[in-house]
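Thanks for coming. I will go through one structure, starting with how its chains meet and ending with a single helix.

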Number of protein chains: 2
Amino acid sequence: MTTPEVTRRLAAYLVNSKAESIPAPVTHEAVRTFLNWLGCALGGARHETMDVAISALQEFSGPPRASVLGRAERFDMLNAALLNGISSHVLDFDDTHLKTIIHPAGPVASCILALAETRPVTGREFLHALVLGVEAECRIGNAVYPNHYDVGWHITGTTGVFGAAAAAGKILGLSEQQMTWALGIAATQSSGLREMFGTMCKSFHPGAAARNGLLAAQLAAKNFTSSDRGIEAPRGFANVLSTKQDYREIVDGLGERFEILLNSYKPFACGIVIHPTIDGCVQLRNEHGLKPEDVEAVFVRAHPLVLELTGKRTPQTGLEGKFSVFHSAAVALIEGKAAEHEYTDPVVRDPVVIGLRDRVEVETSPEIREDEAYLEVRLRDGRVLQKHVPHAIGSLERPMSDQDLEAKFRALAENVLPPPRLDELIRLCWNIETAREVGAIARAAVA
Amino acid sequence: MTTPEVTRRLAAYLVNSKAESIPAPVTHEAVRTFLNWLGCALGGARHETMDVAISALQEFSGPPRASVLGRAERFDMLNAALLNGISSHVLDFDDTHLKTIIHPAGPVASCILALAETRPVTGREFLHALVLGVEAECRIGNAVYPNHYDVGWHITGTTGVFGAAAAAGKILGLSEQQMTWALGIAATQSSGLREMFGTMCKSFHPGAAARNGLLAAQLAAKNFTSSDRGIEAPRGFANVLSTKQDYREIVDGLGERFEILLNSYKPFACGIVIHPTIDGCVQLRNEHGLKPEDVEAVFVRAHPLVLELTGKRTPQTGLEGKFSVFHSAAVALIEGKAAEHEYTDPVVRDPVVIGLRDRVEVETSPEIREDEAYLEVRLRDGRVLQKHVPHAIGSLERPMSDQDLEAKFRALAENVLPPPRLDELIRLCWNIETAREVGAIARAAVA
């Protein structure tokens, strides 16, 4: 069996795809993906990782034509793509293509928003390129997942570079040959090791993917040649970086099904195993107008991983709070959310939070699914409230609503931009499809 | 058996190594490596690959503080490192660490010469960093070769990024922890596929390695964190990119043996299988003052690969000339060399060259080694000259002399720089060890 011309067929699809052929729900999901990504980038903008990266890169920036979201510094588009890719992933709060655990937006949106500051790009063009970039990235991921991930590759970095190259190549109007080369130049830069998890290098991966993919498209636009079979050749990406190669995942049904519809968004700023518990607490609080002093005790029944991974009884720091189901249940009942702010040191040390946290009990059972939880809240007035969460908010079965996403965005960005700017930025995001010039959104997002 | 702390031990050696501990022959080999690299970069400076890369990168350069060798454009140091790495490899004429077929200088020298234009670096510091960078790169290569290469990695790209990071990190004065991180940041950028051979991406690999290694050192200097076990961790470089991991190759005998002593230089601008034939022809010409009109016929006996790979009887273009042992023998007898110029279209089409080429006969025998050849030249005056080349010039058994390297340099650079500038540059190279400021060499090498 000969290998099909995978790279060329993917390139042909990317080049020939028309914006009007993208179904409305797909475009709307792209808007949601963009909003969520932008919020994460704003929320991560002041992270220490960003301070360090900016201080290292500042002296090498070309003419500052692109924005670093949530900050005052401006860079050339390649470095801006790198930096926005870092900030959008640094809180581990960005989107997830659950089938491959790729975080799709970081490499792609960081790449093309920076590009859109150097040339006029309409909202329609931008969303089209975002859809196609995510498509290329996730299909290539599908073809090699899970073997590729299992061996130790950080799949967001290794496939993100293809997504960025595809999206930027679309905006640059590459020919089929040039797009084939762009994917090849991306293939030969594909990198990022899982060993780096827990270090600043983890968020460097989507940033590097955004920058390297943008460079790939830029080089291809000038006819910098590459292999025509960068993905499928015996010494190409899929064979060298994976023991599994299912090329049908890349070439079948192009233009018929869209990977971005499988994208999901994290509602809470902590590990996904405690999301069902938090979700139930938020629902009970909002349905019954609960105050912390009303609550006598909280009983949670959840999947065994919850205590294994997040069983910290008395967290002392914000970071430890992320590994405490007890703290997470308490802040969810008190604040009705579990955003970055709820995992800061002062909140973890707040006596009211501690008081309620100590009244939370957790039992686990292997019969309860990972995205499921049962809650019982006993009130001081004798009432007993119950809540079954069959699927946590943020799962594909129960996606975050547009309103939820907007609330998440506000929580992430509220300390970075003043309220009127925030309102304006949210309005621009929801209306991006009709934007005449997407660069304006980037400029509205600087501090 | 637990894995030793490979990354940290290598980092500790790099950080603690003193220039005065480097033996004089090692330093002299570094000077030869540098001269050869600089000549190759000058010779490749006007290649189409460079024109394309420069046109793609020009608008994104930061303040132009570093030179592109052999050209007038200047770039920020990261982009200059990328471009000089491309030009030094684009003719496939650069140095080779025969044990791993790494081309060591491209990533390392391109990185630190650009760095040396942004801060004062003495010749002594520079050569020390060059030795250490080549050491890190080739030792890491030794640890994973040949499996790593066989699976499809272009080892000059994948290990070059470590060499560049190590050398730049040495010049930046990184601490042991920072050097450990620099190697980790290098590990997570390691990339480059052999599928790209035959395209512009091949020479992009050492360029990207130079740039990415420089960025790794720069980030580490600002305390951008990475894994402490980027090379040896279960999900680190050696396990993810290779099925062989011999860590003794990295940590044994550090400071006692030096990989740069295994570096070799190509004397002729064509595939290595015809080097013994060319070598013999050059020797006969020089020993006997031969002119083309003196020669009646040339008989060559060589290894079978010579006709398999370079058996083109009537080449029509410069490139085809590289695949013709007949053309190569003719130009070697006529010109006494086989540099880039001897493989240009006009030379291949020169009637005198064609006349002699057609009087060359080649026989092969599996009993003759690849680096060996037997020659017999019959002259019009009846004399018969013979020459046995047991090891071709450029092999480790018979390395190019300093004079040979200088002649190669001149041939590569003569059309790029005017003669007085060329003389001055060669003088600067041979005296680099006492240079007060190495950046001056880069500035002397611009067109």
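**The contact between the chains**

Chain B and chain A bury about 4700 Å² between them, and 67% of that area lies on carbon and sulfur atoms. Before I go on, please keep in mind that this is a predicted model.

Which residues supply the area on the chain B side? B:Phe60, B:Thr188 and B:Arg235 supply 15% of what chain B buries against chain A, and no other three residues supply more. In terms of residues, the contact takes 54 from chain B and 54 from chain A.

Now the polar part. Between chain B and chain A there are 15 residue pairs in polar contact, counting pairs with both residues at pLDDT 80 or more. The count of salt bridges between the two chains is 2. One of them joins the side chains of B:Glu59 and A:Arg65, with an N to O distance of 3.4 Å.

Where on chain B does this surface come from? Five elements each supply at least two residues of the side that touches chain A: helix H3 (48-57), helix H4 (77-89), helix H9 (176-187), helix H10 (201-221) and helix H11 (237-241), all of chain B. H10(B) gives the largest share, 8 residues. Sorted by class, the side of chain B that touches chain A has 24 nonpolar, 21 polar and 9 charged residues.

**How the copies are related**

As background, two copies of a chain are related by a rotation about an axis and a shift along it. Here, a rotation of 180 degrees with 0.1 Å of shift along its axis puts chain B on chain A, with an RMSD of 0.1 Å. The two copies are therefore related as by a two-fold rotation axis. If you want to find the axis on the screen, look for B:Gly62: its C-alpha is the nearest in chain B, 1.8 Å from the axis. Both copies use the same surface, and 100% of the contact residues of chain B recur in chain A.

**One helix in chain A**

Last item: helix H16 of chain A, residues 325-335. Is this helix largely enclosed or open? Of its 11 residues, 10 are buried, so the helix is largely enclosed by the rest of the structure. The buried residues begin with A:Val325, A:Phe326, A:His327 and A:Ser328, and continue with A:Ala329, A:Ala330, A:Val331, A:Ala332, A:Leu333 and A:Ile334. Just after H16(A) comes A:Gly336, which takes a positive phi of about 75 degrees.

That is what I have. Questions are welcome.

Definitions and conventions: Residues are numbered from 1 along each chain as its sequence is written. Chains are lettered from A and ligands numbered from 1 in the order in which they are written. This is a predicted model: local features need pLDDT of at least 70, side-chain atom pairs count only at pLDDT 80 or more; totals for chains, interfaces and linings use all residues. Side-chain values use heavy atoms; hydrogens and water are left out. Buried means under 20% relative accessible area, exposed over 50%, partly exposed in between (1.4 Å probe, protein chains only). Helices (H or I, at least four residues) and strands (E, at least two) are DSSP runs, numbered from the N terminus. Contact means heavy atoms within 4.5 Å. Buried area is the accessible area (1.4 Å probe) that two parts lose on being put together, summed over both. A salt bridge is a side-chain nitrogen of Lys or Arg within 4 Å of a carboxyl oxygen of Asp or Glu. A polar contact is a pair of N or O atoms within 3.5 Å; within protein, one must be able to donate a hydrogen and the other to accept it, and residues adjacent in sequence count only if both atoms are side-chain atoms. Ala, Val, Leu, Ile, Met, Phe, Trp, Tyr, Cys and Pro count as nonpolar, Asp, Glu, Lys and Arg as charged, and the others, Gly among them, as polar. Copies are superposed by least squares on the C-alpha atoms of residues with pLDDT of at least 70 in both.
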